[in-house]
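Let's take a walk through a protein model together. Keep the 3D view open and turn it as you read.

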Amino acid sequence: MSCCCRFMKSDAQMLCVSSQQRKQMLSVSHIRQSLSRFVFYHFLSLLQKFLLHRLTVIGRLSCGAADRRTVGDHYERLILSLQRIRAGEDVTGLLLLYPQHVLLVIECSTEALLSVLQDLRHMEENSGPILEPRILLVSHDLPSRLFQLWSYKLLDETDSQRTLVSDEQSLERLVRDTLHQILRLGRHLLNKTQQITGSKVIPDGVLKEASDAVPPQAAVSRLLQMEALLSPARYISTYHSPLHHRLDSESVWPAVEHLRIV
């Protein structure tokens, strides 16, 4: 009798242990599934969050040559504000401040791009430091950044006249040449990242090594005459405003026309 009781007690303990083990295994499996699901959706959110775009804008300065640094300070504050609001979304690019004109290149996320466009629209509507801003190019879903930092440079007359611009050159060719120069300048600055790190202002010696890659002010001035270039307000209205087209099925009541009762 005692032997039988011992066997029954032992079997009960084995059943109890196996039940606890099953619970632990189910708990571990549930944690693994939850963790893998979290990592998957977090990865998808990162993909959506870090779509990279490049905005290239030209414009005319409203301030004198002595006040151009205020434009650089404005964009430095704007970029810091955007990065503070959207942690983890870097905003990089280049700002070239000519004596009378400006060339702006910004690489950022979709939300930051819209904020920069809205800031440009506000400046145009309120006679801000940049007058008549025009969008030269917007490149979407870039695989990598051309500019690793945010920096700007004050250019003088000699810096902005090293590349000659012919009046006989077509505007289409001028657009292509200017964009090609920006790409060359970006690659040059990428190789000089260590010399630029720690300062928002590009040192003089860095640009002198690639002076032919700096778009001349005359090119920016001519490009502003292109009627095909969109203003920030027009671009936002065209590409960032929702469409409200009424469908026929939406017109239920009140009826657009009087109903005809037969």
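In which helix do Tyr235 and Tyr239 both lie, and how many residues apart are they? Both are in helix α8, which covers residues 232–239, and they lie 4 residues apart, about one turn of the helix. Before we go on, remember that this is a predicted model. The chain has a mean pLDDT of 81, and 68% of its residues reach 70 or more. Confidence is lowest in helix α1 (residues 2–49), where the mean is 57, and highest in β3, at 97. Where pLDDT is low, the predicted coordinates should not be read in detail.

**Aromatic pairs**

Back to those rings. A pair of aromatic rings is described by the distance of the centres and the angle of the planes. The structure holds 2 aromatic pairs, and here they are:

| Pair | Distance of centres | Angle of planes | Kind |
|---|---|---|---|
| Tyr75 and Trp150 | 6.3 Å | 40° | tilted |
| Tyr235 and Tyr239 | 4.7 Å | 45° | tilted |

Why is the pair of Tyr75 and Trp150 called tilted? Its planes are at 40°, and tilted is the word for angles that are neither under 30 degrees nor over 60. Tyr75 sits in helix α2 (residues 69–85) and Trp150 in strand β5 (residues 150–154), so this pair ties together parts that are 75 residues apart in sequence.

Are these rings buried or exposed? Buried means under 20% relative accessible area, and exposed means over 50%. Tyr75 comes out at 0%, so it is buried. Trp150 has 5%, so it is buried as well. In the α8 pair, Tyr235 is at 8% and therefore buried, whereas Tyr239 is at 53% and therefore exposed.

**Nonpolar cores**

Now look inside. In soluble globular proteins, nonpolar side chains tend to be buried together. Here the largest nonpolar core has 29 residues, and Leu96, Leu103, Leu185 and Leu189 have the most contacts inside it. Two or more residues each come from β2 (92–97), β3 (101–108), α4 (171–191), α6 (204–208) and α7 (217–223). Helix α4 gives the largest share, with 6 residues.

Try clicking on Leu185. Which residues is Leu185 in contact with, leaving aside its neighbours within four places in sequence? They are Leu94, Leu96, Leu207, Ala213 and Val214. Apart from this core lies another one, of 28 residues, with Leu82, Val91, Leu104 and Val116 among them.

**Strand β4 and the loops around it**

Next, find strand β4, residues 130–139. This strand is mostly covered, with 8 of its 10 residues buried. Strand β4 pairs with strand β1 (residues 53–61) in the antiparallel sense, over 7 bridges. If you want a spot to zoom in on, Thr56 stands opposite Leu137 in β4.

Two loop residues deserve a click too. Ser127 is in the loop between α3 (110–125) and β4, and Asp141 is in the loop between β4 and β5. Ser127 has a positive phi of about 55° although it is not a glycine. Asp141 is not a glycine either, and its phi is also positive, at about 50°. As for their surroundings, Ser127 has 59% relative accessibility, so it counts as exposed. Asp141 has a relative accessible area of 53%, so it is exposed too.

Definitions and conventions
Residues are numbered from 1 along each chain as its sequence is written. This is a predicted model: local features need pLDDT of at least 70, side-chain atom pairs count only at pLDDT 80 or more; totals for chains, interfaces and linings use all residues. Side-chain values use heavy atoms; hydrogens and water are left out. Buried means under 20% relative accessible area, exposed over 50%, partly exposed in between (1.4 Å probe, protein chains only). Two strands pair if DSSP finds at least two bridges between them. A nonpolar core is a set of buried Ala, Val, Leu, Ile, Met, Phe, Trp, Tyr and Cys residues joined through side-chain atoms within 4.5 Å. Contact means heavy atoms within 4.5 Å. Rings of Phe, Tyr and Trp (its six-membered ring) pair if their centres lie within 6.5 Å; planes under 30 degrees apart count as stacked, over 60 as edge-to-face and the rest as tilted. pLDDT is the predictor's confidence in each residue, from 0 to 100.
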